[in-house]
Amino acid sequence: SGVALPQSKMTYVGYYWAFSAAVSNGVIDTMRKQANAKFTSNVELVALLEITNIAVLLVVLALQGQLSDLVAGCGDAHLMRFGVGSAVLKVGSSLVYQRALQLSPMSLSVPYLAFTPMLLLVTSYFLLGEKPAANGVAGVLVMTAGAYALNLVSGKGNSKVLEKVMEREAAAAAAADVSTAVASMTVERWSE
């Protein structure tokens, strides 16, 4: 297990990871949009992205000396069911999201990801029993309302495109949220 950090350092580490994730997601979404022209199929592109994710995970585990933990976890049938289920949902949501990026401008597709925390509040409550704090719910509501307002303004005159984007993004967000909850359950199970 890791070394415990003082609370003040944990806050800065959290901000660092949040900022890194935001920048990385912005870059990867732009790259995914550009890659649509270079790949003949969304399946090829998503497969490349997922293989890259796995490779990075294996390198990080190897550098931390935890590959043996991964191998040990593969012997747990319950853990493997959750892990495989989560992976299938992740790939499915990535395929739907890639299709939405292919059909519409990023300015219409990406803001729908702001709805993910709203769905995650619901799925984490029912699947994990997590009860969000009032200020957390308020923050999610403000963020979701902002994304909705942004899409109302961006989508004027593009009702057919916006309708297709909404369908695909809703499916991608729901699958990603369930995948995240299943992955959390997997991590909890594995750490017991």
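**Figure 1. Long-range contacts across the whole predicted chain.** Take the contacts (heavy atoms within 4.5 Å) between residues at least 6 apart in sequence: 78% of them join residues at least 24 apart. This is a predicted model, so local features need pLDDT of at least 70 and side-chain atom pairs count only at pLDDT 80 or more, while totals for chains, interfaces and linings use all residues. Residues are numbered from 1 along each chain as its sequence is written, and side-chain values use heavy atoms, with hydrogens and water left out. The chain has eight helices and zero strands, taken as DSSP runs numbered from the N terminus (helices are H or I, at least four residues; strands are E, at least two). Of the 192 residues, 26% are buried; here buried means under 20% relative accessible area, exposed over 50%, and partly exposed in between (1.4 Å probe, protein chains only). About 12300 Å² of the chain is exposed, and carbon and sulfur atoms supply 70% of that (Shrake-Rupley method, 1.4 Å probe; for residues, only the protein chains shown count as cover).

**Figure 2. Confidence along the chain.** The pLDDT, the predictor's confidence in each residue from 0 to 100, averages 76 over the protein chain, and 72% of the residues score at least 70. Among the elements, helix 2 has the highest mean, 88, and helix 8 (residues 159-191) the lowest, 56. Where pLDDT is low, the predicted coordinates should not be read in detail.

**Figure 3. Helix 2 from end to end.** Helix 2 covers residues 42-63, and its 22 residues should span 32 Å at 1.5 Å a residue (the expected span is 1.5 Å times one less than the number of residues). Its end C-alpha atoms are indeed 32 Å apart. Asn42, Leu45, Val46, Leu49, Glu50 and Leu61 are the buried ones here. Looking down the axis, these buried residues fall within an arc of 145°, so they line one face of the helix (the arc is that of the directions from the helix axis to the C-beta atoms). Turned away from that buried side, the other face carries exposed Ile51 and Leu63. At the start of the helix, a side-chain oxygen of Ser41 comes to within 3.0 Å of the backbone nitrogen of Val43. After the helix comes Gly65, with a positive phi near 70°.

**Figure 4. Zooming in on Asn42.** Asn42 sits in helix 2 and is buried, with a relative accessible area of 15%. Leaving out residues up to four places away in sequence, Asn42 touches Asn36, Leu95, Gln98, Arg99 and Gln102. The side chains of Asn42 and Gln102 make a polar contact of 3.1 Å (a pair of N or O atoms within 3.5 Å; within protein, one must be able to donate a hydrogen and the other to accept it, and residues adjacent in sequence count only if both atoms are side-chain atoms).

**Figure 5. Helix 4 and its buried residues.** Helix 4 (residues 77-103) has 27 residues and should span 39 Å, which agrees with its end C-alpha atoms being 39 Å apart. Its buried residues include Phe82, Tyr97, Gln98 and Leu101. At the start of helix 4, a side-chain oxygen of Asp76 reaches to within 3.1 Å of the backbone nitrogen of His78.

**Figure 6. Ile28 and Leu49.** Ile28 belongs to helix 1 (residues 7-35) and is partly exposed, at 27% relative accessible area. Ile28 and Leu49 are 21 residues apart in sequence, and their C-alpha atoms are 9.5 Å apart.
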